[in-house]
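Reader: I would like a close look at a single part of this model, followed outward into its surroundings. Please keep the account plain.

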Amino acid sequence: MITLVLDLKIRVVLFLMDSNWSSPAFRGKRALVLGASGFIGQAVARALAHAEADLIVADRRPQQSGTPGKHLIADLLPEGSAATLIREVQPDIVFNLAGYGIDRTQRDAALAERINGSLAGEAARAASHLKSDWKGLRFVHVGSALEYGVASGDLDEASEPKPTTLYGETKLAGTLAVARAGPLCLTARLFTIYGPGEIEGRLLPSLAEAARSGRHLPLTEGLQQRDFTYVGDVAEGLLRLGALSPPDQLEPIVNLATGELQTVKHFVTEAARVLGLRLGQLGFGELPTRVEEMAHLPVAVHRLHRRTGWLPTTSIAQGVLESMETYV
């Protein structure tokens, strides 16, 4: 069932995280965002509003008041529901941010298989058959670094995925299904994303809570290396990819990352400096490192740069600073 829950007078709220970059390609074009109530989905919706798209956001639960666009509540769990929604909305482009399992409490295998896997493929196939004068991609899907799993090296997009988690396995199924939908559909694989809107319990919200409360924060040693990418850069990258005029052989998967690794400890100390945390509050080594932590070289981002001429540039300190209005 699809229900219109907000009228066209919704107030558009643009936070500091919104990029100054805006492609005129989206102006007046109908963009549908699936999973728009999530952390990254909200960022993509705001970026599309900034680009003056005719924005429609859909999710299985009501949106937060700061998310712009015409809001739909859509139950996409039944087979065929995503295709029905896309046929009814008739968007020029669909951004799929729907996901299940990044929160450690989400462990229902059937839901993961539907939301991360078959839903993505179904929506991509429906979007690939849309008719409009839009020159860009029809479907941009968000994948995950956890699809690579225990793969090593620079994680070039041609690397053989070796997922070890339910989330990674089902996200990989979605990526492969999107690739089969044709050249107008693309998956952008994301790595460690941070910024305003993260769920409680993730690293930056936990640091911000410790800064507010003055509490001690137990942490791992922090020696694991990650590609930390600011969510505003991710939203910009997804729009840049969506606006591409696809050639006959557009690669179906693109890593969306900075291409630089930083230790978790470096991220924490940079964030602590911006947030005003005392170093004595940081309990490095008090928690074990998770067994599913990835170990790899700096992520290959040459495909992203070749296709868009762009790479994410927001520093950790700048990204945390731009998040402070949300967390402090």
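Reader: Is R60 buried, partly exposed or exposed, and what is its relative accessible area?

Author: The model is a predicted one. R60 is partly exposed, because its relative accessible area is 40%, a value between the cut-offs of 20% for buried and 50% for exposed. The residue lies in the loop between β3 and β4, the latter spanning 70-74. Leaving aside residues up to four places away in sequence, R60 touches I73, A74, G99 and I115. Of these contacts, I73 and A74 fall within the range of β4 (70-74), and I115 falls within the range of helix α3, residues 109-128. R60 and G35 are 25 residues apart in sequence, and their C-alpha atoms are 7.8 Å apart in space.

The strand that ends just before this loop, β3 (54-59), is preceded by another loop, which links α1 (39-50) to β3 and holds E52. E52 is not a glycine, yet its phi is positive, at about 65°. E52 is partly exposed, with 46% relative accessible area. A similar note applies to Q90, in the loop between α2 (81-89) and β5. Phi of Q90 is also positive, near 55°, and Q90 is not a glycine either. Its relative accessible area is 42%, so Q90 is partly exposed.

The contact of R60 with I115 leads to helix α3. The axes of α2 and α3 come within 8 Å and cross at roughly 35°, and the crossing is right-handed. On the α2 side the contact is made by S81, A82, A83 and I86, which meet R114, L119, E122, A123, A126 and A127 of α3. By class, these residues comprise seven nonpolar, one polar and two charged.

Helix α3 also takes part in a right-handed β-α-β unit, together with β5 and β6. Strand β5 covers residues 93-96 and pairs with β6 in the parallel sense, over three bridges. One of the residues involved is V94, whose bridge partner in β6 is F139.

Strand β6 (residues 139-144) is largely enclosed by the rest of the structure, because six of its six residues are buried. The cover extends to both faces: F139, H141 and G143 are buried on one side, and V140, V142 and S144 are buried on the other. β6 also pairs in the parallel sense with strand β7 (residues 185-190), here over six bridges. S144 has L190 of β7 as its bridge partner. From β6 the chain passes through helix α4 (residues 166-180) to β7, in a right-handed β-α-β crossover.

After β6 comes A145, in the loop between β6 and α4. A145 has a relative accessibility of 7% and therefore counts as buried. Not counting residues up to four places away in sequence, A145 touches L190, F191 and M294. L190, the bridge partner of S144, is thus also a contact of A145, since heavy atoms of the two lie within 4.5 Å. A145 and D227 are 82 residues apart in sequence, with their C-alpha atoms 9.9 Å apart in space.

Further along the chain is helix α5, residues 203-213. Its buried residues are L204, P205, S206, L207, A208 and A210. Among the elements that cover them are β8 (192-194), β9 (217-218), α7 (264-275), β14 (282-283) and α9. G214 follows α5 and has a positive phi, near 80°.

The packing of α5 on α9 can be set out in the usual terms. Two packed helices are described by the angle between their axes and the distance between the axes. For α5 and α9 (residues 316-327), the angle is about 65° and the axes are 11 Å apart. The crossing of these two helices is right-handed. L204, P205, A208 and R212 of α5 make the contact with V320, S323 and Y327 of α9. Five of the residues in this contact are nonpolar, one is polar and one is charged. L204, P205 and A208 appear both in this contact and among the buried residues of α5.

How values were computed
Residues are numbered from 1 along each chain as its sequence is written. This is a predicted model: local features need pLDDT of at least 70, side-chain atom pairs count only at pLDDT 80 or more; totals for chains, interfaces and linings use all residues. Side-chain values use heavy atoms; hydrogens and water are left out. Buried means under 20% relative accessible area, exposed over 50%, partly exposed in between (1.4 Å probe, protein chains only). Helices (H or I, at least four residues) and strands (E, at least two) are DSSP runs, numbered from the N terminus. Two strands pair if DSSP finds at least two bridges between them. A crossover is right-handed if, with the strands pointing away from the viewer, the path from the first strand over the helix to the second runs clockwise. Axes are lines fitted to C-alpha atoms, for helices over the stretch in contact, and angles run from 0 to 180 degrees between N-to-C directions. A crossing is left-handed if the near helix is turned anticlockwise from the far one by less than a right angle, and right-handed if clockwise. Ala, Val, Leu, Ile, Met, Phe, Trp, Tyr, Cys and Pro count as nonpolar, Asp, Glu, Lys and Arg as charged, and the others, Gly among them, as polar.
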